Amino acid sequence: MKVRFMFSHVKKVLSQCSTGVYRFGAALALLLAIPALSFDYMDISQPVLKSAANAVLAQKAWANEAAPAAAPAAEAKKEEKKGPAEWAPQPPPKLEEKDYPVVKGFNSRLTVWFIAQLHLFFGAFVLAVPIFVWLIEITGVVTKDKRYDDMAHEFMKVAMTGFSLAASFGGLLSIALVVFYPQFMTYMTGIFGKVMIFYALAFFAESFFLYTYYYGWDKMSDGNSKIVHIGLGLGLNLAGVFLMMVSNSWASFMMAPSGLDDSGVFQGNVWAAINGHLWNPINIHRFVANIAYGGSLTAAYAGYKFLMAKTPQEKAHYDWMGYTSFFIAIIGLLPLPFAGYWLTKEIYDYSQQMGITLMGGAFAWLFILQAVLIGAIFLSANYYLWCCLARSNGSHRYSFMIKPIAIVIVTMFLAWLTPHTLVMSSTELTQIGGAHHPLLGKLGVMAAKNTAVNFLIVLTFLSFQIYNRSNKKALGDGFWAQNGTSVQIGLYVAGLCNILALGIYSYYLPASVRIGLSVPQVTTTLIVIVASFIMDGKIFNKSEELGETKWGNMPVRSQYALFTLTIGFTWLMGLMGYVRSAIRQHWHVYTVFRDNSPGAFTPTLPYAAAVVTVIVCVFIALVLFMFWMPMLAAKKGSSGEH
Amino acid sequence: MEGNKGNSELGKILVYGLLIMLAFAGYAKFGIPLVIPEAPPVEEKITGAMTKDQFVAMGDKIFHGKGTCTLCHSPVGGRAPVLDAVGPRSSERIKDPRYKGKAKTGEEYIRESMMEPSTYVVAGFGKPGTNDTVSPMPQINKGAIGLSDVEINAVISYLQKSGGVEVTVPLPTGAAPAAPAGGAEAAAAPKPATTAEEAFNKYGCVTCHVVPGIAEGGDMGPNLTKLAKEAGSRKPGMSGQAYIIESISTPNAYVVKGFEPDMMPSDFAEKITMSEMNLIVNALLGKK
Amino acid sequence: MHFLKPIIGVFVAYLLIKIGVPFLGSLSHPGTWPVVPTAVMKMYLFFIIAGAFLASTFSDEGYNGLVGPIVDLYSNPSKATLRLCAISAVSLLGCWVSYQYVKPSFEAPVELRSVHPAPPSSANMWGKTFELQTLKNPLREDKANFAKNVEEGGIVYYKNCFYCHGDKQDGKGHFYQAFNPIPANFVDVGTIAMLTESFVFWRIGTGGPGLPGEGAPWATAMPVWHTMISEEEAWKAVMFIYEQSGNKPRVTATVAEKK
């Protein structure tokens, strides 16, 4: 059904296209759909094949019944014919310590941890960059502003080395896994073998689009060829997302295996193994986080170039580039807490045991650390936005609002940081009169956290909105131009009151109902953001700029806010990778395939933090190399011009 | 000159980044109380020579460790009923009008609750929205916990003992299979012997010993036809049954005079199934 | 004096957390002073200081207003004396903080202690084993001598218990300030009111050392009473503290069924 629908849809698109270029673009889209189609094929092929096999069996059974005398003979023949046994899915082996190869000088777990994390850092970066490069390119075409196109091109240039690094680490990772965990890989390939081949093939598509997209940038710069170029960009992104989703399915299978019987034997349906309970939550969470992370990394690049810039033009360019990257990072950051909540909820739904291990057991304190890190990220993001006011000419009208915003943000953070289980000395225990704190205890529960995080998001958006209007003045005497701001203030106040009221109300409800209240809270947040964004458009429908935006007029410390954002993000990604993997505890594939290697134990938080720090240091060294490469090329180019 | 400026700027940025990361890692190390996650659970080894108290103690260990029961069944979280009195309560439960399961005794009720948790859900502990018809508890003979039948019996014996009622589950010296019911292992392992004669042949006992019921046998090891009388007095304070089981699982624990130690293989304990061990012990003790 | 504003702001926030939170908490739990634990306080202060710094330095004027006086203090030749004072003050502050960390203290290490841990299934007291799940107070059956038993329990209490648990049974006896954790307050709804008589009997019989690991048996000073008073005296004391504090012992489902 799906396939048919897609074909008819494609036909329709093709018939609507008058020029050959459109046809080419559509054909490209079709080409890209092939992996997707083949997925559909896999999906439907299993039942089809099965029913075919059943039909054959039924016929045989019927034949046997018809000629019972012939049956024993037929059976005997079957026995003879058997010959070499056919391959069949195997149950996971019960491994012992001696089944894990030891390579002298390497700690198996640490090596795989290092390589996997580095692969993930680069993979996430090169997945995210083409997405927003493509969007910026389209923005450039729509607004006819050449600057966007140049910036998109420069982002792509920065990411080019990243592609080969991501691929190299990917190759290294698969070799490391085969070297250190051969039985585990045998089991995984027994299930995902077919998909792995498609995965490898998709790299050809990825490389094709990557090189044509990047090297064709100047050639295909206007008219119809630009549209082809955008088509290539779409192809690049589709291939990238496909690759991410396929490799996600292996990780989510290890956490929440599906498509298996009780003893862990694969049932033959690859789609069932891929489409596990946690696959889509992880897809969404990673996709959104990748965009935020990719944006923050390019923001750091722009920040560095800004600090190095010698001319005002250069400064202005990199300031603008840093701001755009930052903006992308924030777009990714704002929905991230919700994607995270969804993932956690699905983990609880999948296995209460896994959920309690995650939130209530040994890792409970990790989430305090996470809260601190997210606090640092949100604060530095807001700080950068406040610093941006220096670019505008009318910002003095709004700067009085920054301090109240800061106070509310910090207050909400403190609520968000407050741990559920307080660590107190015995003196404090005596003073408090028991282990339960009458005030802080109330902040430790989910009702408070949800309220706080919604406040943070709304206020971060408010910071952005203030900056956005700081250089404008509304003209005209329409309703919106006159009263729009008052309506917006009313909207913010009502929205925040509603979030707070819902939060307080939820204390009086039983726990099962309480969780449901986070939905109206999130909805309120979204309504406030979307509605005031639309109102901004109406208010400034007719407006004048208060002088030119002073790009490049940014203090040095604002760029350090960008670096804080980037480092915080990268480090946090490494930490959350640790916990996502660690909640499997001593299992390769949770509940099915036990890890009996010497590295099966769960490492402590300080140990993981140390490992993550070292990984991030190595990553930064490689990123410097990655940023340095295009500069090397640029130097040659500029010396040629002179 | 320009290069120098760039380098010092870069150096500053790198030092700043490093400081931030060290602050993160330092907070993880010094700002947060150290929690050491529990080591992976060790699979319980069940030996034939197990007393009732040892069996109950093993159940206790599984209940608080590998079985992960206390994750939910504890007074702290209120996620599941506290099981301190499940022993006496279980026999009341099967008389409950809401009870629809097959259990006839308290023991069967507990076992059923562990293997099919949704058969009877204690009021207030069902999955939200199911009106106490579906239990959030996993089947503990499957999945991550995956207790074997013997381990389940051990847990039941612990629950009964701690609830103050009589322990009714069979001890593992019975015909309970030792190996967990993993499809792989059952398929791969050869079929367990069904008679004592088969068992003696399967493990090659007759190569070295003369055993009751089989005429021919070797003389590398002691003649076992008279063991029924001697076993009980070999080691003071040890029953004949316990002595035989010990001699099979750890042959060097007692070496009969006139024979060398280290002659007999020491890995029988890992190969012989419970039922086979039972057959062998009974045959050697002259019981049928 | 621009740079004083954020400092004052941080100080006000500190006071709010240091005094405001315990004050509000004491309104709902009279008699306590629920301070913010040091570990949480440190986290709070870090983010308050960071927030104050960021909120006052986003503009150049703010940044110069905050950092300018400091730079001036450290570089202006005419402020040598003031500079010396400032450097000494900062150094002394560092010394004081270091000293606070390293000075010997009698404070027990921080631990998470469960006040009423789950009791074991059975306990050995007076040379025999009591099955705590099914144990009942034998003297409760004897309705006729109830008043007499309670009175005798009172004698036991005043001979042995009241020095710590107090005349009013509020855990504030003569010696209570010497103990950490403080003696149990029987009037509070969170102690004997939510426990069965057998639990209280077990706590008296085996005392602090009888607690399981999560109850931190090393921390409490409760003696092992079964070596000092008789079984009957212990039951009478249990009856007395329930009667005197106006609490009813909790009855578990099993015990209720067996009645």
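Let me begin with helix α13 of chain A, which is mostly covered, since 20 of its 23 residues are buried. Please keep in mind throughout that what we are looking at is a predicted model. From its first C-alpha to its last, α13(A) reaches 33 Å, which is close to the 33 Å expected for its 23 residues at 1.5 Å a residue.

This helix also leads us to the contact between chains A and B, where 38 residues of chain A are in contact with 31 residues of chain B. On the chain A side, two or more residues come from each of α9 (279–308), α12 (352–359), α13 (366–388), α21 (556–582) and α22 (605–641), and among these elements it is α22(A) that gives the most, with seven residues. If we sort that side of chain A by class, we find 26 nonpolar, eleven polar and one charged residues.

Turning to chain B itself, how many helices and strands does it have? Its secondary structure comes to eleven helices and zero strands, and of its 288 residues, 30% count as buried. Among the contacts in chain B between residues at least 6 apart in sequence, 53% join residues at least 24 apart.

Chain A has a second partner that I would like to show you, namely chain C, of which 35 residues are in contact with 37 residues of chain A. On the chain C side, α1 (4–28), α2 (38–57) and α3 (60–75) each supply at least two residues, and α2(C) gives the most, with twelve residues. By class, this side of chain C has 24 nonpolar, nine polar and two charged residues.

Finally, let us go back inside chain A and look at one pair of helices. Two packed helices are described by the angle between their axes and the distance between the axes. Helix α7 of chain A, residues 223–255, packs against α9(A) at an angle of about 130°, with the two axes 9 Å apart. Because of that angle, α7(A) is oblique to α9(A), and α7(A) passes α9(A) in a right-handed crossing. Which residues make the contact? From α7(A) there are M244(A), M245(A), N248(A), S249(A), A251(A) and S252(A), and from α9(A) there are W279(A), I282(A), N283(A) and R286(A). By class, this contact has five nonpolar, four polar and one charged residues. As you follow α9(A) on the structure, remember that this helix is also one of the elements that give two or more residues to the side of chain A that touches chain B.

Technical notes: Residues numbered from 1 in each chain as written. Chains lettered and ligands numbered in written order. Predicted model: local features only at pLDDT ≥ 70, side-chain atom pairs only at ≥ 80, totals over all residues. Contact = placed C-beta atoms within 7 Å. Helix = DSSP H or I, 4+ residues; strand = E, 2+ residues; numbered from the N terminus. Nonpolar A, V, L, I, M, F, W, Y, C, P; charged D, E, K, R; others polar. Buried ≥ 20, exposed ≤ 12 C-beta atoms within 10 Å, placed from the backbone. Expected span 1.5 Å × (residues − 1). Axes fitted to C-alpha atoms, helices over the stretch in contact; angles between N-to-C directions. Parallel < 35°, antiparallel > 145°, perpendicular 65-115°, else oblique. Left-handed = near helix turned anticlockwise from the far one by under 90°.
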